[in-house]
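Student: Could you take me through one part of this structure slowly? I would like a close look at one helix, and then a sense of what surrounds it.

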Amino acid sequence: MTIVTSCPALLKKSDPHKARRLEALVRSMLARAVPLEAIGLQFHVSVWHSGRGLAGSLLFNHCEEGVRIVMRVLTDLGLEVHVTELDVDCNFPQLPCVRLLPNVLKWELQATVFASVVRVCLEFAKCIVLSTWGFTDKLSWRAGPGTPGSEDLDQHAHQFDREYAPKPAAFAYSQALQVGQPA
């Protein structure tokens with residue numbers, strides 16, 4: 001059996017005990033001999049995600065240590081960790097100031113988040129899955145509705161743009177994987 005949960009949701013400051021409740025649930029299941037093999041952590045994240053919601057949004061790297069702690073707890077329990085559905089949005093329609101930033105800056109921040117998640121996963125031998133939720137902004141579930149004037153709703157959440165050209169995130173993801181490989 002595999003449990004899938006949202007990693008950002010586990011780190012929300014508004015509910016600081018959610019990760020502990022997941023750990024308690026997993027310990028309880030293991031104590032009852034439930035055949036639990038892995039925990040999947042969904043990573044629909046944002047360059048602006050801090051785990052505190054929109055009101056306290058900072059750069060993602062502010063919750064990197066929280067991700068590391070969650071992975072350590074789960075792998076110490078003997079479970080595999082799967083990073084699933086990784087995408088990193090660059091726009092928040094609720095934050096107009098974000099829409100005004102140039103894409104090149106947002107894409108550099110996005111690349112940092114993709115690489116960060118890869119590096120943290122590679123710190124743990126039992127983090128064995130890294131999967132993305134799509135690869136191009138053209139076919140993204142996080143795209144704007146496609147109507148004129150809705151470009152600011154497009155979250156540009158993937159490693160390749162609408163024309164299938166690699167963004168900095170594609171190179172950062174690949175480089176983080178190569179650096180993490182044993183010699």
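Tutor: Happily; here is a walk along one helix, followed by a few other places in the chain.

A word on the model comes first: this is a predicted model, in which local features need pLDDT of at least 70 and side-chain atom pairs count only at pLDDT 80 or more, while totals for chains, interfaces and linings use all residues. Residues are numbered from 1 along each chain as its sequence is written, and side-chain values use heavy atoms, with hydrogens and water left out.

Let us look at helix H2, which covers residues 18–31. Helices here are DSSP runs of H or I with at least four residues, strands are runs of E with at least two, and both are numbered from the N terminus. H2 has 14 residues, and at 1.5 Å a residue it should span 20 Å; the expected span is 1.5 Å times one less than the number of residues. The C-alpha atoms at its ends are 20 Å apart, so the two values agree.

Now, which residues of H2 are buried? They are Leu22, Val26 and Met29, where buried means under 20% relative accessible area, exposed means over 50%, and partly exposed lies in between (1.4 Å probe, protein chains only). These three cover an arc of only 65° around the axis, and therefore sit on the same side of H2; the arc is that of the directions from the helix axis to the C-beta atoms. On the face turned away from that buried side, you will find the exposed residues Arg20 and Ala31. Just after H2, Ala33 has a positive phi of about 60°.

Next, try finding H2 in the whole chain. From the N terminus on, the elements run β-α-α-β-α-β-α-α-β-α, giving six helices and four strands. Of the 183 residues in the chain, 44% are buried.

Another helix, H3 (residues 64–76), holds Arg68. This arginine is buried, with a relative accessible area of 13%. Setting aside neighbours within four places in sequence, Arg68 is in contact (heavy atoms within 4.5 Å) with Val120, Glu123 and Phe124.

Finally, look at Cys121 and Cys127, which are joined by a disulfide with an S to S distance of 2.0 Å; a disulfide is a pair of cysteine sulfur atoms within 2.5 Å. The structure holds one such link. Its angle about the S-S bond is -105°, and the link is left-handed. Both Cys121 and Cys127 are buried.
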